[in-house]
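Me: I'd like to go through this structure step by step, please. Could you start with whatever term I need before we talk about sheets?
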Amino acid sequence: MKDNALPPVSAQPTAVAAAPVLTSAVPNTGPAAGGNTVILTGSGFTGITAVRFGANPALGYTVNSATQITAVAPAGSGAVAVTVTAPGGTSNAVTYTYVVQPVLVSLSPSGGPASGGTTVVLTGSGLSGASAVRFGSTAATSFTVNSATQITAVAPAGSGAVAVTVTAPGGTSNAVTYTYVVQPVLVSLSPSGGPASGGTTVVLTGSGLSGASAVRFGSTAATSFTVNSATQITAVAPAGSGAVAVTVTTPGGTSNSVTYTYSVQPALLSLSPTQGPASGGTTVVLTGSGLSGASAVWFGSTAATSFTVNSATQITAVAPAGSGAVAVTVTTPGGTTGPVYFFYLSAPFLISVSPSGGPASGGTTVILTGTDLNGASAVRFGSTAATTYTVNSPTQITAVAPAGTGAVAVTVTTPGGTSNSVIYSYAGSPVLTGLSPAQGPTDAGSGVTLSGTGLTTTTAVHFGAVSAAFTVLSDTAVAVLAPAGTAGPVPVNVTTLGGTSNSLTYTRVAPPAI
């Protein structure tokens, strides 16, 4: 019988799992310290038994799917081969590179304004691939990796001292301090103006002025400046013109502006009068240009006693005491003028007046003798001006005495001042009240006593037209020797500085006939 039994079935071969395949590692770099989370992409990731970074196993891994694994990189160095092991074998390798941790060495500048915006150069090492630059907890406004040793970053707004750090594939760097400083503020300038030629020392007052890097007058830098304190800077103004804005730049930024005004150079054209007494006190009108804001008027090296700025073209000043010819100058914010000369004159000096007296009615012609009498503008008898006067020479004046009384001081006024005084005496008119005896011989030599008042200054006694010898005994008596004359009555009078007296009759008697 045919055996219908089926032949035995041969056994099927067992399937061998394919080795996993790695396509990429993201990121493909990380810090040497490890700890970086890396996404591995590929295929055949089922049943993974190991993930290695070079010879070191991952610190941990999770198989997300047959095509993705999340692994934590261990510590390492250099470029290593990342592999995955599954039941089907070990995958191909993808490269993972360990990078050094970034190190910061310095910042330049190391501070800036609280408003931010400062461009800061960060210097160090391991800076390639930086992904973040932070000022404290705030990201830089922007940054550029120039090289592995340098980054240029723009500081964000902030305040106080903050830690600047860089984050790169190698991790986060150490911190370097960046200090936010307040913006400078200007309050005042002293002086607030100066000459167009520059050179004025100006004191700037304000706040936040420490660390100033620039002081500008308009667009021009100060010739030099010194930071005295956080509230004061001393600067030398450069040349300029008009009104300009003065600013200060510090690490905190640029200040507000305060106005500084350049003034035109002053000029003097003339003085009026151009001369005066050595004792000073002459009021002088100075004419020129650019005289506004004058701070000083000088007569030589001596300041004017006082002065008033009337306008940009005129100043009224009082001359101080001085001597000779001196240069008059004016100092304004625009500088000091060239000189115009003022001449100090010696005061006049009186030596004598002749005659030294005259009648109260005035009219006496008087010769004044002295020195420096030229240019006399007044001759006074007491407080009364001479009726007329003529300057004969620097040593002599002829004047006509005005009416007056008593003893008065005669003075002469010239551009050099007012002289000392000499005394001129006004005399009252003489009055005769008696003769004793009232008659005498026709021969000369008889003694006669004249009585009256105002006789002290007697200058002449007349018997008719003939002068007699006399002696003044007192203001009320004069002793006279009667001159010879014909028999009969003759009028007798007295002439004094006060004038000529009334007349009294003296009678000459002829001798008896023989």
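Reply: Two strands count as paired if DSSP finds at least two bridges between them. Please keep in mind as we go that this is a predicted model.

Me: OK, so in what order do the four strands of the open sheet with strand 1 come, and is the pairing parallel or antiparallel?
Reply: The order of the four strands in that open sheet is 1-3-7-6, and their pairing is antiparallel. Strand 1 (21–26) and strand 6 (60–65) are the edge strands, each of them pairing on one side only. From one strand to the next, the twist averages 25 degrees.

Me: How many bridges join strand 1 to strand 3?
Reply: Five bridges join strand 1 to strand 3 (residues 37–43), and these two strands run antiparallel. As one example of such a partnership, Val 21 has Ser 43 in strand 3 as its bridge partner.

Me: And what is the strand order in the open sheet that includes strand 21?
Reply: That open sheet has four strands in the order 21-23-27-26, again with antiparallel pairing. Strand 21 (185–190) and strand 26 (224–229) stand at its edges with a single partner strand each, so one side of each is left without a neighbour in the sheet. Ignoring direction, neighbouring strands of this sheet are turned against each other by 25 degrees on average.

Me: Which strand does strand 23 pair with over five bridges?
Reply: Strand 23 (residues 201–207) pairs with strand 27 (residues 232–236) over five bridges, in the antiparallel sense. Within that pairing, Thr 201 stands opposite Val 236 in strand 27.

Me: Switching to side chains: how many aromatic pairs does a search of the whole structure find?
Reply: The search finds eleven aromatic pairs. One of them is Phe 135 with Tyr 178, whose ring centres are 5.2 Å apart and whose planes stand at 90 degrees.

Me: Why is the pair of Phe 135 and Tyr 178 called edge-to-face?
Reply: Planes over 60 degrees apart count as edge-to-face, and the planes of Phe 135 and Tyr 178 are at 90 degrees, so the pair gets that name. The pair links distant parts of the chain, since Phe 135 is in strand 14 (residues 132–135) and Tyr 178 is in strand 20 (residues 176–181), 43 residues apart.

Me: Are those two buried or exposed?
Reply: Phe 135 is buried, with a relative accessible area of 3%, and Tyr 178 also counts as buried, at 0% relative accessibility.

Me: What about Phe 299 and Phe 342, how far apart are their ring centres?
Reply: The ring centres of Phe 299 and Phe 342 are 5.5 Å apart and the planes are at 85 degrees, so this pair is edge-to-face. Phe 299 belongs to strand 34 (residues 296–299) and Phe 342 to strand 40 (residues 340–345), so to speak of distant parts of the chain, the two are 43 residues apart. Phe 299 counts as buried at 2% relative accessibility, and Phe 342 counts as buried at 0%.

Me: Which residues form one aromatic cluster?
Reply: Phe 53, Tyr 96 and Tyr 98 form one aromatic cluster.Me: New topic: where is Thr 413, and which side chain does it make a polar contact with?
Reply: Thr 413 lies in strand 48 (residues 406–414), and its side chain makes a polar contact with the side chain of Thr 418 (3.0 Å). With a relative accessible area of 18%, Thr 413 is buried. Leaving aside neighbours within four places in sequence, the residues in contact with Thr 413 include Gly 375, Ser 377 and Arg 380.

Me: Is Pro 277 buried or exposed?
Reply: Pro 277, which is found in strand 32 (residues 275–277), is buried, with a relative accessible area of 12%. Apart from neighbours within four places in sequence, Pro 277 is in contact with residues including Tyr 344, Leu 345 and Pro 415.

Me: Which residues does the cis peptide bond before Pro 191 join?
Reply: That cis peptide bond joins Ser 190 and Pro 191, with omega about -5 degrees, and Pro 191 has its place in the loop between strand 21 and strand 22 (193–195). The peptide bond from Ser 272 to Pro 273 is cis as well, with omega near -5 degrees.

Me: Last one: what is phi for Asp 372?
Reply: Asp 372 has a positive phi of about 55 degrees, although it is not a glycine. Asp 372 lies in the loop between strand 43 (365–371) and strand 44 (378–381), and it is partly exposed, with a relative accessible area of 39%.

Terms used. Residues are numbered from 1 along each chain as its sequence is written. This is a predicted model: local features need pLDDT of at least 70, side-chain atom pairs count only at pLDDT 80 or more; totals for chains, interfaces and linings use all residues. Side-chain values use heavy atoms; hydrogens and water are left out. Rings of Phe, Tyr and Trp (its six-membered ring) pair if their centres lie within 6.5 Å; planes under 30 degrees apart count as stacked, over 60 as edge-to-face and the rest as tilted. Buried means under 20% relative accessible area, exposed over 50%, partly exposed in between (1.4 Å probe, protein chains only). A polar contact is a pair of N or O atoms within 3.5 Å; within protein, one must be able to donate a hydrogen and the other to accept it, and residues adjacent in sequence count only if both atoms are side-chain atoms. Contact means heavy atoms within 4.5 Å. Axes are lines fitted to C-alpha atoms, for helices over the stretch in contact, and angles run from 0 to 180 degrees between N-to-C directions.
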